[in-house]
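I opened the file to look up a few elements and how they pack. These are my notes, in the order I took them.

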Amino acid sequence: LNLTVSSSGGNTSSTLQYGLLFEDIYHSGDGGLYGEMIRNRAFQGSSVDGVVSLDRTTDFWTEVGGVTLSVDTETTPLSSSLPAQLRMEVPEDTTTAVGFYNDGFWGFDVDASQRYIASMYVYGNYTGDVTCYFYSTTSDTILGSTTISLDQTESDGWVQTYSPTFYPTTTASNANNTFYFVFEDGAQLAGESLYFNVLSVFKQTYNNRANGLRTDMAEAVAALGTKYIRLPGGNNMEGLYAPYYWKWNETLGSLTERPGRPGTWGDYNTDGFGLIEMMLMADDMGLEVILGVWAGLYLDGTVVAEADLQPYVDSVMDELEFLLGDSSTTYGAQREALGYGAFTINYIEIGNEDYLNGGTTSYDDYRFTAFYDAIHATYPDISLISTINPSPVTTDGSPVDLHLYGDADYFVTLFNAFDQASRSYPVFVNEYAATNTGSNSASQIGAQTLSMACAEAVFLLGCERNSDVVVGSAYGALIKNYNEAPDTVAVIKQTASEVLYSMSFYVQQLFAANMGSSTLPVTATDGELAPVYWSATTNTSHTILKLVNYDGETGADSAVSVTLEGSSADTATLISFSAPEADSINNLAALGGETSSVTTTALQGEAGVFTVEFSSAYEILIL
Ligand code: AHR
């Protein structure tokens with residue numbers, strides 16, 4: 001195969017290739033990116049066999065010293081948003097220390113080089129120390145501790161107290177650790193009850209932000225090097241049933257004012273990782289935001305009738321005023337009072353997959369336009385994305401968002417999918433993933449294999465070649481907790497102490513890092529497309545050619561001669577991504593670790609002509 005890469009003549013590429021979708025799915029927010037380490041810190045709701053429940057429980061809490069733990073709704077609550085608290089009843093004959101411990105999100109990461117802080121709200125009578133410590137269930141030892149000193153009576157009401165920050169004395173060998181709150185003077189509490197809410201432990205966060213992100217997770221997301229992020233979802237934004245769609249104004253300010261909500265993906269969301277936290281994440285990572293707004297469809301098929309839709313439209317307008325308005329506006333002033341300047345929003349996606357469960361007709365008839373008209377009238381420069389193709393409003397070139405899921409071979413067929421697309425209708429592919437069965441259900445079998453990741457790469461070549469019309473693409477889903485969803489696809493999976501970079505992580509990272517500002521035409525002779533696929537771009541200073549081998553030859557039989565028109569270069573940089581087998585996967589360190597590798601070598605050529613060979617039947621080469 002001979003490929004000749006022209007020196008000019010292509011299309012201008014989108015500046016938004018590539019992107020991210022963030023939503024809390026299988027603990028990508030709580031127990032994932034969000035830095036809170038205590039699970040069920042505020043008794044907001046629960047999960048039974050992976051099905052979210054409104055029942056408030058003491059799940060993930062265990063008594064110490066013979067006390068009884070229960071969820072209490074009788075005592076004066078901490079706030080109307082958090083109407084339930086943990087009650088600790090201490091037996092009359094108690095003479096020793098009492099308390100409780102938490103299991104965390106499948107354990108805790110304990111790292112002696114990192115700073116931690118604990119805190120809690122308490123109601124009741126106690127003067128003395130509460131020892132807070134990490135405990136290893138592997139080594140049966142305390143790994144580090146701090147003290148919360150209380151001096152309060154019932155008449156003080158609810159009091160929040162922090163520990164001093166502390167460094168553990170020992171780094172844990174694994175995540176099998178718990179976190180204890182122990183009242184040393186148990187005798188003082190004999191026959192009494194104390195009440196607790198928003199029990200919390202944070203490790204130092206990404207960029208040291210208060211109520212911020214888990215550092216290793218945030219660094220993994222930032223390392224993808226993408227250009228935009230769509231938030232807060234996804235199906236999670238829509239809600240399983242009324243009235244639990246994602247409400248921006250219930251995710252703001254003090255944690256005591258955030259009721260949380262039953263998430264779509266099996267557990268209650270605390271909403272500690274709220275609108276401001278998500279916007280700050282985007283800012284910190286230099287990402288353009290595509291703001292998802294709810295468009296009146298719940299996942300059970302309930303649709304808000306046209307006559308009842310206006311309050312939801314008004315709420316979106318309030319959200320935009322909150323994000324964009326100055327201090328002379330009601331909601332802009334609210335944001336400023338919280339300590340934040342205005343954010344930037346250039347893209348809004350109206351709904352998510354509004355064709356689901358009978359949503360199409362109402363979206364086409366009135367839902368999309370109700371939101372579109374209101375937003376467009378006040379913010380004419382914001383691009384408004386439809387979740388149904390074609391968009392109900394086609395007069396101003398508004399984009400649509402296509403979600404593409406299917407098996408690996410299907411993704412390879414998408415290489416040409418956008419070649420003939422109308423240039424008048426920009427497209428985002430704000431969710432795509434090659435999957436084995438289903439898309440995101442917990443019963444889906446199989447994490448990404450090398451061949452699946454290479455199929456995604458072939459698809460991305462197609463997006464890149466057509467990125468005058470394909471504005472951006474983002475993998476669905478970005479993050480899933482390994483303990484909960486080990487066998488489904490995601491860009492990143494995490495345990496409490498480890499981040500797992502899937503095969504697709506590397507594909508996106510490589511594609512994002514090697515993207516030009518315009519395409520270059522490529523002419524093939526002595527061979528044709530498949531099993532090798534290609535795309536070329538230029539960023540004016542140099543040419544980037546991507547080649548994907550999808551079930552192809554290796555060695556001399558796979559040789560591709562590349563001529564860079566108008567170039568006299570004798571050397572080039574060659575990046576290769578591959579793994580030993582087509583079905584290799586990246587795994588946790590204890591289960592084999594990463595099998596994929598990225599290598600960078602110098603390639604010798606002559607006067608702009610280079611020869612590359614594949615070393616694997618499934619491989620990505622970037623020249
Ligand atoms: O993985 C992303 C999920 O899958 C999204 O919530 C939904 O929009 C899609 O179907």
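The entries below go from model confidence to two strands, two helices and one residue.

**Confidence.** I noted that this is a predicted model. I looked up the scores before anything else: the protein chain averages a pLDDT of 96, and 99% of the residues score at least 70. The ipTM is 0.96 and the pTM is 0.97. I kept in mind that coordinates should not be read in detail where pLDDT is low.

**Strand 8.** I asked how many of the residues of strand 8, residues 98–102, are buried. The count is 5 of 5, so I put the strand down as largely enclosed by the rest of the structure. I then split the strand by face. V98, F100 and N102 lie on one side and are buried; G99 and Y101 lie on the other side and are buried too. Both faces are therefore covered, given that a residue counts as buried with 20 or more other C-beta atoms within 10 Å.

Next I looked up what strand 8 pairs with. Strand 5 (residues 61–64) runs antiparallel to strand 8, with 4 bridges joining them. In that pair I located F100 as the bridge partner of E63. Strand 13 (residues 177–183) also pairs with strand 8 in the antiparallel sense, over 5 bridges. There I found N102 bridged to F179.

**Strand 19.** I checked the faces of strand 19 in the same manner. Y347 and E349 are buried on one side, and I348 and I350 are buried on the other. For the pairing, I recorded 4 bridges between strand 18 and strand 19, in the parallel sense. G292 stands opposite E349 of strand 19. Strand 20 is likewise joined to strand 19 by 4 bridges, and these two run parallel. In that pair I350 stands opposite S386 of strand 20. I followed the chain from strand 19 through helix 7 to strand 20 and noted a right-handed β-α-β crossover.

**Helix 7.** I compared the expected and modelled spans of this helix, which covers residues 360–378. At 1.5 Å a residue, its 19 residues should span 27 Å; the end C-alpha atoms are 26 Å apart, which agrees. I also looked for a bend and found one of about 40 degrees at Y366.

Which residues of helix 7 are buried? I listed Y363, R367, F368, A370, F371, Y372 and I375. What covers these buried residues includes strand 18 (288–293) and helix 5 (310–324). Strand 19 (347–350) and strand 20 (383–386) are also among the covering elements.

**Helix 10 and A512.** I looked up the burial of helix 10 and found it mostly covered, with 9 of its 11 residues buried. The buried ones are M503, S504, F505, Y506, V507, Q508, Q509, L510 and F511. A512 is found in this helix, which spans residues 503–513.

Is A512 buried, exposed or partly exposed? I counted 17 other C-beta atoms within 10 Å of A512, which makes this residue partly exposed. I then looked for what A512 meets away from its own stretch of chain. Leaving aside neighbours within four places in sequence, A512 is in contact with Y18, L224, G225 and T226. I also took the C-alpha to C-alpha distance from A512 to Q17: these residues are 495 apart in sequence and 6.9 Å apart in space.

Terms used: Residues are numbered from 1 along each chain as its sequence is written. This is a predicted model: local features need pLDDT of at least 70, side-chain atom pairs count only at pLDDT 80 or more; totals for chains, interfaces and linings use all residues. The expected span of a helix is 1.5 Å times one less than its number of residues. The bend at a residue is the angle between axes fitted to the seven residues ending there and the seven starting there. A residue is buried if 20 or more other C-beta atoms lie within 10 Å of its own, exposed if 12 or fewer, and partly exposed in between; C-beta atoms are placed from the backbone. Two residues are in contact if their C-beta atoms, placed from the backbone, lie within 7 Å. Two strands pair if DSSP finds at least two bridges between them. A crossover is right-handed if, with the strands pointing away from the viewer, the path from the first strand over the helix to the second runs clockwise. pLDDT is the predictor's confidence in each residue, from 0 to 100.
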